[in-house]
Structure formats: C-alpha cells, structure tokens
Amino acid sequence: MENPPSPTQASAADIAPLETGDDETWDLIIRPKSGWLELHLEDLWRYRDLLWMFVRRDFVAQYKQTILGPLWFLIQPLLTTLTFTIIFSGVAKLSTDGLPPLLFYLAGTAPWNYFATCVTKTSTTFVTNANLFGKVYFPRLVTPISIVISTLIQFAIQFALLLGTLIWYLAKGEPITPHWTGIALMSPLLIVMMAALGLGVGIIVSALTTKYRDLSFLVTFGIQLAMYATPVVYPLSSVPERYRSWMELNPMTPVIEAYRAVYLGVGAFDWGSLTYSAGFTLATLLVGIIIFNRVEKTFVDTV
Amino acid sequence: MPSDTVISVRNLSKLYRLGEVSTGVLAHDLNRWWHRFRGKEDPYTRLGAVNDRTAKASSDYVWALRDTSFDVRRGEVLGVIGKNGAGKSTLLKLLSRVTSPTGGEIKVRGRIAALLEVGTGFHPELTGRENIFLNGAILGMRKPEIVRRLDEIVEFSGCERYVDTPVKRYSSGMYVRLAFAVAAHLDPDILIVDEVLAVGDAEFQQRCIGKMKDVAATSGRTVIFVSHNLSAVQSLCNSVIRMQEGTLVSATRDVQTEINLYLSNAQRGNSHFPKRLSAEITLDALKVSPGQVASRSRAEITVSLETSVATRMTDACILIYDAKGTRVAILDGRETGLAPMRLAAGRTDLVFDIATANLVPGTYNLGLYFHSGLTNVNLTDLMEMTVLETSALGVPTYPAEHRGFALLDFKTRWQTPDSAPPTASA
C-alpha cells in the first residue's frame with residue numbers, strides 16, 4: 001500500500017502574527033495521531049451525565065409502547081427455560097447435576113443472556129449511531145457502556161426470577177445448597193466480569209463492522225453457537241475429559257460454572273480458571289478499547 | 001498574560017481517501033487476498049481503474065484541507081466562505097471533533113459547540129423534559145447546568161403544557177422550537193454554525209442566525225459561521241476567511257474585500273466562455289458589473305458576441321432565475337429597441353443597463369435567449385449573479401428569505417376621514 005503524499009511545508013501566506021503560546025493555557029488541543037494508549041478515558045468521566053441519559057433512554061425506549069412492558073424480561077427467559085427443560089432435559093436427557101432442570105437452566109441462561117445481549121447490542125454501536133456520531137462529538141465509548149449498563153436491568157429481572165425459583169424449591173425441601181455469602185460476594189464480581197467481556201467483544205466487533213458489515217451477521221449467529229460451547233444447557237462435569245480442557249479455554253465457562261456453584265452448590269468453581277477468565281476479559285477489554293479508539297477517530301470518514 | 005486568541009489552527013490538514021480502500025464485504029477482501037496471494041490481478045479494481053498508470057498514486061487520496069493556519073480572536077464573528085469542496089465543512093468537522101485531522105493541530109480556549117440539525121439525538125418515545133436532558137447532555141452540558149436552565153428552556157420553547165408528553169406526539173413546529181431552545185441555552189464560548197445543517201428548515205435557519213446575532217452581541221463570545229449565503233455573511237460577520245481547494249487563500253480578514261474576491265473568482269470559475277451558439281456565432285463572454293450588484297442600485301449586464309458573418313438578430317433577452325430555478329425577470333431587448341437589429345460580422349457587445357436592480361439580496365442565475373437568422377438558443381445557468389444588501393435604507397430590513405421576489409419602488413402617505421390627505425409623501 002502506497003503512502004499518502006505528505007503535506008507540503010510551504011504554507012499559504014500566514015495572516016497576522018501567529019501566536020506561539022505554550023500548551024498549558026489551552027483548554028483543548030486537537031492533534032492528528034495520538035499514541036495507541038492515549039485513550040482519553042477522563043473524557044468519559046466528564047460525560048457521565050450523558051451515560052445515564054443513554055441508559056435511561058435505552059430502557060424507556062425499549063419498553064414504552066409494549067403491552068407488557070418490562071414483563072418481557074421475565075417472559076423471554078421463562079419461555080426459553082421451559083423450552084430447554086423440555087428439549088434438553090425431557091427429550092435429550094442431558095444431565096443437570098441432579099438439580100431441578102428449571103433451576104439449572106435459569107442459573108445458566110440468566111448470566112448467558114446478559115453476556116449475549118451485551119455482545120450483540122454493543123457490536124452495532126457505530127453502524128446504528130452513524131448519524132449522531134457524524135454530527136457531534138462525545139466520547140463514543142459512552143454508547144456501548146450505556147448499553148452494558150441498561151442491559152443490567154434485564155439481568156436483574158432474570159436474576160430475581162432465579163432467586164424466586166430457588167427460594168420456592170428450597171421451601172419445597174429440594175436438597176439444594178446455595179452459598180449465601182458466596183452469592184453476596186461473588187455476584188458483583190461475576191457481573192462485572194461478564195459486562196467487561198461482553199463490552200470488550202462487542203466493541204471489537206463494532207469497530208470491525210465499520211469496515212465489514214457482514215461481520216454483524218456472524219455475531220448474531222456466532223453468539224447462538226457459542227452458547228453450546230459454554231456449559232449453559234449442560235454442566236461442565238458431564239463433558240468428557242478430553243474435551244474439558246478445551247471448554248475451559250472459553251472465558252465464559254468459569255463464569256457460568258461459578259454462578260451455579262454459588263447459587264446452587266453444584267459446578268466446578270475454582271479460582272484458577274476464574275483468574276484465567278478475568279485475565280482474558282481484561283485483555284479483551286483493553287484491546288477492544290484501543291481498537292475502538294482508533295476507529296472512532298476516522299469512522300466518520302469511512303461510513 | 002491572558003491571550004485574546006480562542007482558537008489557534010496550525011498547518012491543519014485532512015486527507016481523504018477517494019473510493020473504498022476496502023470492498024466493505026469480508027468475502028470480497030478475502031477473495032482479493034487470495035488473488036494477490038496467487039499473484040493474480042485484484043478482481044475488484046478493474047472496474048473504473050482506467051488511467052491506472054498515470055494517476056493512481058495521486059488520485060487515491062485527496063486533501064480536503066491542506067496546511068491551513070489561522071487564529072480566531074475572542075468576540076470575532078468569523079465567516080468562512082468558499083465554493084463547494086473548498087474545505088469549509090471539513091474545517092468545521094475538525095473543529096467540532098467529529099473527525100480528526102491528518103496533520104497539524106487546533107488549540108481551543110473555552111467550550112466549543114455546534115448548532116446541529118434540528119433534534120439531533122432526540123428520541124421520539126421520551127418526553128419533552130427527558131429530551132431536553134438527553135439533547136443537552138449530547139451537546140456537552142452537565143446535568144446541574146441543564147437543571148438550572150430547565151425553566152428557561154421550557155419557557156423559550158413554548159411547550160410548557162406538553163413538557164411531559166413524548167415528543168413523537170409533538171407537531172413539527174413544537175419539535176423544532178424545543179430542539180432550538182436547548183441549543184440556544186447551550187451558551188458555549190465558541191459557537192459553530194454550518195448553514196448547510198439547517199437547510200430545509202427556514203424557521204430553524206432564521207433562529208440560528210438570530211441566535212448568532214445575540215451571541216455575537218454578548219461580549220466575549222466567538223462565532224464561526226459557514227455559509228454560501230453571502231448576504232448573511234456580510235450582515236453578520238465582522239471578519240471573513242476565504243477558502244479554495246482546501247487551503248486558506250484570503251490575505252486579509254476584511255469582509256468586503258474577501259467577498260469581492262470570492263465573487264470575482266466565482267465568476268471566472270463559472271464561465272465556459274467562449275461558448276458556441278452556432279457555427280457562425282460565439283458567445284464570448286457574459287459580464288455583470290459591478291461584480292457584486294447592490295440591491296436597488298445600478299447594474300450592467302454585457303453580452304459579448306462574435307459573429308463570422310452578418311446576421312439579423314430578432315431576439316435578445318437576459319433571463320434572471322433565482323437560486324431555486326424560478327424565473328424572476330426577463331430583460332427583453334425588443335422592448336428597448338435592441339432587437340431586431342442587424343449584427344455585422346465581428347464583435348458586438350449588447351449592454352443591458354439596469355437602472356435599479358430591484359432584486360432581493362441573494363444569488364441569481366443568468367440565462368440568455370438569443371434568436372437570429374442563423375441560430376435560436378435558450379441558455380440557462382450561464383452565470384451566477386450575486387445581489388448584496390444595501391445599507392442605504394437606514395432601517396433594519398427583513399431577512400432576504402422573507403422578502404419575496406421583488407423590491408417595489410413605493411411611497412407612503414397617511415390620511416384620516418377628517419383631514420384632507422397630505423400631498424407630500426411620508
């Protein structure tokens with residue numbers, strides 16, 4: 001690829017004496033290429049009000065004119081879980097680690113749905129906001145972060161559904177052993193990990209889709225397939241030994257397993273794989289933010 | 001030493017790639033790599049790559065803006081003029097940080113904000129109040145700031161009763177008023193207005209210009225205004241920069257000087273003269289003098305013809321069209337005895353002397369209807385003629401867009417049933 005011609009140094013007649021003040025007195029300096037790690041994350045903090053406005057908008061806009069409103073958040077996972085119960089447990093007779101299938105699938109789909117929604121929604125950031133991005137500046141990262149946060153509301157409702165079902169089964173005397181302290185301590189960590197991973201994957205895809213629109217098809221399709229590569233509808237313990245190490249390379253595997261471990265007392269919870277998952281998440285997020293920052297600077301020129 | 005300079009632009013350049021570097025579809029790119037890998041020709045560049053060898057390296061890229069340097073001082077109302085593609089909009093995009101430069105730098109003191117197209121970022125499902133907050137936040141306002149000005153914004157918009165109704169139920173007029181109210185209360189130190197953004201909404205455009213006047217009148221505010229509407233630039237701006245092919249070409253900041261230079265360039269640029277009307281007759285030039293016609297003053301349009309043989313001209317009319325293509329006037333040479341006339345071989349100048357150009361300020365297109373024994377042509381869009389405001393009236397006039405087509409010469413007097421009408425005009 002040839003290099004662009006460099007701008008000539010001879011400038012058109014400079015008008016007036018141009019000031020050569022030092023940089024400190026300026027509020028804003030716009031320069032072409034910043035380093036890979038110049039991410040201007042402090043800008044994000046300045047625009048935190050916008051972040052909350054976006055979260056609110058996403059939530060209100062999504063359910064304002066539906067008959068059932070936020071109830072959809074309940075109906076969706078309930079129907080999915082029922083389907084899973086019938087097909088995977090009833091027909092295919094997959095193991096649920098000795099748990100009631102309904103509970104088992106709820107504990108898997110609630111976190112998985114959150115992750116999947118984060119990825120699919122953030123992956124279209126640039127394409128769906130092209131019009132707005134082309135007109136006004138704000139840190140573009142505000143948009144995907146707001147999506148990750150507004151999706152939390154969906155997760156919270158599904159989470160409540162899980163807790164409700166869990167309590168109902170406990171009251172019925174099912175032999176389930178949830179770790180209540182584990183739930184209190186681990187939940188925030190696991191949520192942050194899923195949000196970060198979903199955000200990271202989503203913004204990488206969103207940056208790439210500015211160039212390749214067809215990648216977005218791959219995402220919707222890929223995320224469906226990825227569910228089967230993650231122990232959502234089956235426990236990790238039922239996976240044959242020789243495939244298991246491959247499964248554990250999937251950063252979502254330890255997260256889902258940890259969920260089941262603290263909520264339902266079954267599953268392979270171990271700090272080692274969770275640390276691997278956290279490391280993977282951080283790396284993905286960092287790469288994502290860097291790519292996203294590169295793309296946001298020139299995105300308007302290419303769309 | 002607090003400096004007066006609020007924007008400093010140094011060697012600013014922006015390079016655009018012409019055409020798609022990527023095909024936009026992953027499969028195509030993979031296919032291209034595969035072809036290249038096997039040493040074959042790229043399957044997607046054959047189309048249209050005609051002058052491959054001669055111009056490829058230089059034609060893949062274009063400098064939308066090149067080595068532009070200037071300063072803007074506090075309180076300056078700076079007009080940016082230039083033809084389409086001169087780099088005006090690119091400059092604004094760089095200033096408002098929508099895209100980043102290829103070279104050079106911009107330094108800014110204070111908050112910079114742009115007046116956007118009506119309702120950018122509005123969400124139809126949200127209420128008026130929610131949209132005020134959303135829109136304000138998008139434009140860079142902090143929440144306490146919006147809360148403080150909320151009542152003012154609501155009152156200004158005149159939508160008090162509907163402030164808790166989703167904006168999708170608003171009439172388009174209310175929508176515009178609300179959107180504008182937010183923008184009007186933004187109070188940036190530097191306001192950027194791109195006229196192009198406001199096209200199609202006359203009311204919004206008017207308000208933008210009104211707001212600009214307000215902002216400019218408040219001391220310490222700076223406005224950058226990009227427009228094709230020279231009369232607007234003339235009446236609003238106290239300095240002007242002129243751009244051409246991506247660089248700054250103005251040597252001064254003087255409004256009148258730069259507008260004159262722009263017009264003389266525009267005239268030269270627009271001409272495809274000499275223009276052949278027939279085998280025997282050529283239209284050598286069409287000229288308007290003065291280069292910028294002042295409204296309600298004298299103007300001369302000269303048609304220069306070159307004929308190889310003598311011919312009898314039966315019609316010669318100048319046609320004047322407004323920017324939208326509506327014919328505004330016709331100067332029929334037959335009415336003044338110009339036609340019919342025998343044209344001798346050689347050069348003939350037909351001069352149309354307009355005593356008072358009763359035209360509303362704006363840009364007009366000139367056409368020519370010419371009929372002789374040898375040719376019969378009806379040419380439109382030969383040249384642009386710009387009519388500027390005269391300040392001789394001494395009263396503020398309505399904006400050009402609201403003044404219709406014609407300026408009529410009129411007098412007024414007053415009378416009551418009891419008094420005999422005064423004879424003198426008021």
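## A chat about chains A and B

Trainee: Where is Thr230(A) found?
Mentor: Thr230(A) sits in the loop between α9 and α10 (241–249) of chain A. Keep in mind as we go that this is a predicted model.

Trainee: Is that residue buried or exposed, Thr230(A) I mean?
Mentor: Thr230(A) counts as buried, because its relative accessibility is 0%, and the cut-off for buried is under 20%.

Trainee: And which residues is Thr230(A) in contact with?
Mentor: Leaving aside neighbours within four places in sequence, Thr230(A) contacts Trp112(A), Met247(A), Asn250(A), Met252(A), Thr253(A) and Ile256(A).

Trainee: Let's look at α9 of chain A. How many residues does the helix have?
Mentor: Helix α9(A) covers residues 215–228, which is 14 residues. From its first C-alpha to its last, α9(A) reaches 20 Å, close to the 20 Å expected at 1.5 Å a residue.

Trainee: Where is the kink in α9(A) centred?
Mentor: The kink is centred on Gly222(A) and comes to about 25 degrees.

Trainee: Which residues of α9(A) are buried?
Mentor: Leu215(A), Val219(A), Ile223(A) and Met227(A) are buried there. A general point helps here: an α-helix has 3.6 residues a turn, so residues three or four places apart point the same way.

Trainee: Back to Trp112(A). Which core does it have many contacts in?
Mentor: Trp112(A) belongs to the largest nonpolar core, which has 104 residues. Trp112(A), Phe138(A) and Leu264(A) are the residues with the most contacts inside that core. Helix α8 (residues 180–209) of chain A gives the most to this core, with 13 residues.

Trainee: What does Phe138(A) touch?
Mentor: Not counting neighbours within four places in sequence, Phe138(A) is in contact with Tyr47(A), Leu50(A), Phe54(A), Leu132(A), Phe133(A), Thr143(A) and, from chain B, Ile138(B). Another core lies apart from the largest one; this second core has 36 residues, including Leu277(B) and Ile320(B).

Trainee: New topic: the sheet. In what order do the strands come?
Mentor: Four strands form an open sheet, in the order β1(A)-β4(B)-β1(B)-β2(B), with antiparallel pairing. The strands at the edges are β1 (28–30) of chain A and β2 (61–73) of chain B; each has a single partner strand, so one side of each is left without a neighbour in the sheet. Neighbouring strands are turned by 15 degrees against each other on average, direction ignored.

Trainee: Over how many bridges do β1(A) and β4 of chain B pair?
Mentor: They pair over three bridges, in the antiparallel sense. Within that pairing, Leu28(A) stands opposite Val108(B).

Trainee: Which helix lies across those strands?
Mentor: Helix α3 (residues 88–95) of chain B does, lying across β1 of chain A and β1, β2 and β4 of chain B. It runs at about 115 degrees to β1(B).

Trainee: Zooming out, how many helices are there in chain A?
Mentor: Chain A has 12 helices and one strand. Of its 303 residues, 50% count as buried.

Trainee: What about Leu71(A), where is its place?
Mentor: Leu71(A) is in the loop between α2 (48–63) and α3 (72–91) of chain A. Leu71(A) counts as partly exposed, because its relative accessibility is 42%. Its C-alpha atom is separated by 9.8 Å from that of Gln154(A), a residue 83 residues apart along the chain.

Trainee: Last one: which residues does Thr165(A) touch?
Mentor: Thr165(A) lies in helix α7 (residues 142–171) of chain A. Apart from residues up to four places away in sequence, Thr165(A) touches Leu102(A), Leu103(A) and Leu106(A). With a relative accessible area of 10%, Thr165(A) is buried.

How values were computed: Residues are numbered from 1 along each chain as its sequence is written. Chains are lettered from A and ligands numbered from 1 in the order in which they are written. This is a predicted model: local features need pLDDT of at least 70, side-chain atom pairs count only at pLDDT 80 or more; totals for chains, interfaces and linings use all residues. Side-chain values use heavy atoms; hydrogens and water are left out. Two strands pair if DSSP finds at least two bridges between them. Helices (H or I, at least four residues) and strands (E, at least two) are DSSP runs, numbered from the N terminus. Axes are lines fitted to C-alpha atoms, for helices over the stretch in contact, and angles run from 0 to 180 degrees between N-to-C directions. Contact means heavy atoms within 4.5 Å. Buried means under 20% relative accessible area, exposed over 50%, partly exposed in between (1.4 Å probe, protein chains only). A nonpolar core is a set of buried Ala, Val, Leu, Ile, Met, Phe, Trp, Tyr and Cys residues joined through side-chain atoms within 4.5 Å. The expected span of a helix is 1.5 Å times one less than its number of residues. The bend at a residue is the angle between axes fitted to the seven residues ending there and the seven starting there.
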